[in-house]
Amino acid sequence: MQPNPIRTTVIGSYPFPGWLEFASQNLDQFGPADVEEMIEDAVIAAIHDQTTAGLDVITDGEQTRLDFNLSFYGYIKGLQPNHAETRKFGPPAHDQRGKHSIVEELTAPNGLGAVKEYQRLKKLAPAGPTLKASIPGPYTLSGRMLPNDRYKDRYEITEALLPFIRKELEDLVAAGCEEITVDEPSMSCYAYKEDTKRFVDIFNRTVAPVVGKCRLSTHLCFGNFKGRPVGYRKIHPMLPDFLDLSVDEVHVEMANREFDEIELIAEFAQKMDVAVGIIDVKNYYIETVKDVIERIETCLKYIPAEKLAVAPDCGLSQTARWAARQKLVSMVTGAKKVRGE
């Protein structure tokens, strides 16, 4: 059971400051010390926005991950960019995201970088909020690697990546991280057409070494590249198999889906805590405190307060920072009012 009723949390990512995006395109002008200072400044900015909003749980805003998957690909040996496989023009969407060819056995000799991110967050964050690390699960991480003769399909690539994620989770716990989200949006996106029992088996084998050693959650959504979904946006294909995920908390996208199938969340709440996405990260309408209160009250019809957390639908990296700030303030203010604070 989670520490507080109606806990306010986030998924992981947060908008990058404009200067960070500019600097990342001109890294040849910076030395290593400059880059590290720049990263710390960006994390400090993300921490500031989250703590000012009053969140119970914060992250480093994933400020070192200029792309959700590809930032991890930089730690994996055996990959080579293959941008010939992407669409170049037209509306921005998932098929324009970078692809990679596998050119040798996949290895991650130095880990995936999440431990250093957590250590930086721990050093810079004030006392009070819970510190959370997030890392993609192996099925999601495999998404932009192209099969070859050695790894014949996405599942074989997933199995090759699984030990890397498992080791990273173990190392995070060893570093003192008490809360970890394993992001598997590809599983929720493709639950309608793939073997959901196989998904659960993959996930549970990945997290097995850290179950019971930290507060473990997973994030399930339907895609958010450039504010666009990619999957079939329904929860029912995940049931009943996803109820067997080895997690303390499951996070589900709801606000952008107008709380469609909210009644099905009651099934998750019987097995685990539930973090409901009550803030729409794809929309530039700024939710009011009244909106937030009404949405939480809807959730409470299906989830006991002691098992409910509230969050944005997805990470906020695809939402402008000015909007992200205001949305978080509304979310926290509304939650505190419902809690009677």
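Is Glu 249 buried or exposed? Select it and see: at 2% relative accessibility, Glu 249 counts as buried, the cut-off being under 20%. Keep in mind as you go that this is a predicted model.

**Stop 1: Glu 249 and its strand**

With Glu 249 still selected, show its secondary structure: this residue sits in strand S9. Now bring up Arg 215 as well. The side chains of Glu 249 and Arg 215 make a polar contact, at 3.0 Å.

Next, widen the selection to the whole of S9, residues 249–253. Five of the five residues of S9 are buried, so the strand is largely enclosed by the rest of the structure. Turn the view so you can look at S9 from either side. Side chains in a regular strand alternate between the two faces of the sheet. On one side of S9 you'll find Glu 249, His 251 and Glu 253, on the other Val 250 and Val 252, and all of them are buried.

**Stop 2: out to the sheet**

Hide the side chains and switch to a cartoon. S9 belongs to an open sheet of eight strands with parallel pairing, in the order S1-S11-S10-S9-S8-S7-S5-S2. At the edges are strand S1 (7–8) and strand S2 (57–58), each of which pairs on one side only.

Then walk along the strands. S9 pairs with strand S10 (residues 273–279) in the parallel sense, over five bridges. Pick Val 252 here, and you'll see Val 276 of S10 standing opposite. Now go to S8: four bridges join S8 to S9, and the two run parallel. Val 252 is a handy marker on this side too, as Leu 220 stands opposite Val 252.

Further along the sheet, select S5 and strand S7 (residues 179–183). This pair is parallel as well, with five bridges. To line the two up by eye, label Ser 134 and Thr 181 in S7, which stand opposite each other.

**Stop 3: Thr 218**

Back to S8, residues 215–220, where you should pick Thr 218. What does the 1% relative accessibility of Thr 218 make it, buried or exposed? Thr 218 counts as buried at that value.

Show the side chain of Thr 218 and the backbone of Val 182. A polar atom of that side chain lies 2.7 Å from the backbone oxygen of Val 182.

Now ask the viewer for the wider surroundings. Setting aside neighbours within four places in sequence, Thr 218 is in contact with Thr 181, Val 182, Glu 184, Phe 203, Leu 245, Val 247, Glu 249, Val 250 and His 251. Glu 249, where the tour began, is on that list.

**Stop 4: the two cavities**

Time to look for enclosed space. How many cavities of 30 Å³ or more are there? The count comes to two.

Take the second largest one while Thr 218 is still on screen. Its volume is about 40 Å³. Select the lining: Thr 9, Val 10, Ile 11, Lys 132, Thr 181, Ser 217, Thr 218, Glu 249, His 251, Ala 275 and Ala 311. The elements giving two or more residues to this lining are S8 and S9. Colour the lining by class and you get four nonpolar, five polar and two charged residues.

Now for the largest cavity, with a volume of about 80 Å³. Around it, select Gly 12, Thr 59, Asp 60, Glu 62, Arg 65, Ala 114, Glu 117, Tyr 118, Leu 121, Lys 132, Ala 133 and Ser 134. Helix H4 (114–124) and strand S5 (130–136) are the elements that give two or more residues here. H4 gives the most, with four residues. By class, this lining has four nonpolar, three polar and five charged residues. Lys 132 lines this cavity and also the second largest one.

**Stop 5: an open pocket**

Finish with the second largest pocket, whose volume is about 390 Å³. Of its 19 lining residues, the closest to the centre are Val 35, Ile 39, Gln 63, Thr 64 and Arg 65, so select those to put the pocket in view. Arg 65 should look familiar, as one of the residues lining the largest cavity.

Now add the helices. Helix H1 (18–24), helix H2 (32–53), helix H3 (70–73) and H4 each give two or more residues to the pocket lining. The largest share, four residues, comes from H2. Colour by class once again: the pocket lining divides into nine nonpolar, five polar and five charged residues.

Terms used: Residues are numbered from 1 along each chain as its sequence is written. This is a predicted model: local features need pLDDT of at least 70, side-chain atom pairs count only at pLDDT 80 or more; totals for chains, interfaces and linings use all residues. Side-chain values use heavy atoms; hydrogens and water are left out. Buried means under 20% relative accessible area, exposed over 50%, partly exposed in between (1.4 Å probe, protein chains only). A polar contact is a pair of N or O atoms within 3.5 Å; within protein, one must be able to donate a hydrogen and the other to accept it, and residues adjacent in sequence count only if both atoms are side-chain atoms. Contact means heavy atoms within 4.5 Å. On a 1 Å grid over the protein atoms alone, a cavity is a set of points where a 1.4 Å probe fits but cannot get out, and a pocket is an open set with protein on both sides within 12 Å along at least five of seven lines; lining residues have an atom within 4 Å of a point. Grid points are joined across faces, edges and corners, and a volume is the space filled by probe spheres set on the points. Ala, Val, Leu, Ile, Met, Phe, Trp, Tyr, Cys and Pro count as nonpolar, Asp, Glu, Lys and Arg as charged, and the others, Gly among them, as polar. Two strands pair if DSSP finds at least two bridges between them.
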